[in-house]
Amino acid sequence: MIKVLNILSDTNIGGAGRLLVNYLKNFDRTKFDIAVVLPKDSDLKPIIEEVGYPVYETENGRDKSFDMKAVSEMRRIIREFNPDIVHTHSSFSGKLAAFLSGVPARFYTRHSAFPQPKKLTSFPGKQINGFINNTLATDIVAVAEAAKDNLTDTGVNSKKITVIINGVDEMPRTTPEEQAELKKSLGIGESTFVCGISARLEDYKGHSYLLPTIKAVAEKHPDVVCLIIGGGTQEEALKKQAVELSITDKLRFTGFVDNVAPYYNIMDLNLNCSIGTETSSLALSEGMSLSVPAIATTYGGNPYMITDGVNGFLVPERDSLAMAEKILTLISDRGLLSKLSRGAREMYELKFTASVMTRQLESLYEKSVLKFK
């Protein structure tokens, strides 16, 4: 039995937390004994415990990558659990605690991809960053090629990095009656074309470029609605922008929702407008599991997930009109939309299931533990 201790510093349920839960649901429990470290009162705790894994809590390090007090707490937990592997997620405190505790196999996952500052890609910052990360980690998981590029650009040894694309469990399907009821509750007509985006309402997700897209679409096809699923710091600014564009009746701001599946079930089209950070989007995978094709920007890991004419279309980032043209094409050509829907499901089954992702990580764990025996 291989003992694995996962460490996160998140108090909310972000991409790293959702990814970890997908792993936990699919691990072979006859081979792996797994526990999770979270800051006290994290929203992830009840979810992880419901899946059936123990959670250790720290008083310090809430939503901080580094907190020296958290390092001490984590070292105590490591001594108690005595893991073969420590796997950290956006927690430098966890990396340092594992190294100082002498854990032989030390993993961390790179969950994001965004332009790196020059100080980290040139001398001496690149060399310093590379030395620190190469020393603290024995193995690194990148959730997209774009994330791997971020690492190597900042001095990390490429031989330590394995790309494992984010996978998700299949979203549950709702009945036609449930779909009709949800549409009614949202004020959406039965024949209305529904597109949607599930992402935090932050600048880097590109919502401000999506709203002009919806305006352009509505001018040519008024019977359209876009679901804006998620919460974030830009919510009020986006609602103000919607008023200025006179498209409030074309948008439905849902806020943060625990269960996004019902919303995907009423979508004809999934949208991704990222401009600043994107690896392998869980939202795109979730949509594909329900045969929902996507239009996404070419940023980050999106080109690996979306293939033009197969499971959706790619458009340049910040190009509102290009996205609008693709949406209008699919509204007018339902045969093409059906073809892309089939392609989305086929791509999901081939590349983006949680079980495929988890088997890859299990294999990596086993190889790493063997190296240190």
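# Close-up views of a predicted model

**View 1. Strand E9 and its two parallel neighbours.** Four bridges join strand E9 to strand E10, which covers residues 251-255, and the two strands run parallel. This view, like those that follow, is taken from a predicted model. Within the pairing of E9 with E10, isoleucine 229 has glycine 255 in E10 as its bridge partner. The connection between these strands passes through helix H10 (residues 235-245), and E9, H10 and E10 together make a right-handed β-α-β unit. Strand E8 (residues 193-198) also pairs with E9, again in the parallel sense, and here the pairing extends over six bridges. In that pairing glycine 196 stands opposite leucine 227 of E9. The chain crosses from E8 to E9 by way of helix H9 (residues 207-220), and this β-α-β crossover is right-handed.

**View 2. The two covered faces of strand E9.** Strand E9 spans residues 224-229 and is mostly covered, since six of its six residues are buried. In a regular strand the side chains alternate between the two faces of the sheet. Val224, Cys226 and Ile228 are buried on one side of E9, while Val225, Leu227 and Ile229 are buried on the other, and both faces are therefore covered. Ahead of the strand, proline 222 is found in the loop between H9 and E9. Proline 222 counts as exposed, with a relative accessibility of 53%. Its C-alpha atom lies 9.4 Å from that of phenylalanine 193, although proline 222 and phenylalanine 193 are 29 residues apart in sequence.

**View 3. An open sheet of seven strands.** The seven strands of this open sheet follow the order E3-E2-E1-E4-E5-E6-E7, and their pairing is parallel. Strand E3 (55-58) and strand E7 (161-163) stand at the edges with a single partner strand each, so one side of each is left without a neighbour in the sheet. When direction is ignored, neighbouring strands of this sheet are turned by 20 degrees against each other on average. At the E7 edge, strand E6 (residues 139-142) pairs with E7 in the parallel sense over three bridges. Isoleucine 140 has isoleucine 161 in E7 as its bridge partner. Helix H1 packs on the sheet, where it touches strand E1 (2-8), strand E2 (32-39) and strand E4 (85-89), and the direction of H1 makes about 160 degrees with that of E1. Helix H7 (residues 145-153) also packs on the sheet, touching strand E5 (105-110), E6 and E7, and the direction of H7 makes about 165 degrees with that of E7.

**View 4. Helix H1 against helix H16.** Helix H1 (residues 15-26) and helix H16 (residues 354-371) pack with their axes 9 Å apart and at an angle of about 80 degrees. That angle makes H1 roughly perpendicular to H16. On the H1 side the contact includes Leu19, Asn22, Tyr23 and Asn26, which meet Ala354, Ser355, Met357, Thr358, Arg359, Leu361 and Glu362 in H16. Sorted by class, the residues of this contact are five nonpolar, four polar and two charged.

**View 5. Phenylalanine 27 in the loop after H1.** Phenylalanine 27 lies in the loop between H1 and E2. With a relative accessible area of 7%, phenylalanine 27 is buried. Leaving aside residues up to four places away in sequence, phenylalanine 27 touches Phe32, Ile34, Tyr53, Thr358, Arg359, Leu361, Glu362 and Tyr365. One of these contacts, glutamate 362, is 335 residues from phenylalanine 27 in sequence, yet the two are 7.5 Å apart in space, C-alpha to C-alpha.

**View 6. Backbone details in three loops.** Phenylalanine 123 and proline 124 are joined by a cis peptide bond, with omega at about 0 degrees. Proline 124 has its place in the loop between helix H5 (118-121) and helix H6 (125-136). Asparagine 82, although it is not a glycine, has a positive phi of about 55 degrees. This residue, asparagine 82, is in the loop between helix H3 (68-81) and E4, and at 55% relative accessibility asparagine 82 counts as exposed. Serine 291 likewise has a positive phi in a residue other than glycine, with a value near 65 degrees. The loop that holds serine 291 runs between helix H12 (282-289) and strand E12 (294-297).

Methods
Residues numbered from 1 in each chain as written. Predicted model: local features only at pLDDT ≥ 70, side-chain atom pairs only at ≥ 80, totals over all residues. Heavy atoms only, no water. Axes fitted to C-alpha atoms, helices over the stretch in contact; angles between N-to-C directions. Parallel < 35°, antiparallel > 145°, perpendicular 65-115°, else oblique. Contact = heavy atoms within 4.5 Å. Nonpolar A, V, L, I, M, F, W, Y, C, P; charged D, E, K, R; others polar. Buried < 20%, exposed > 50% of the residue type's maximum accessible area, 1.4 Å probe, protein only. Pairing = 2+ DSSP bridges. Right-handed = clockwise from strand over helix to strand, strands pointing away.
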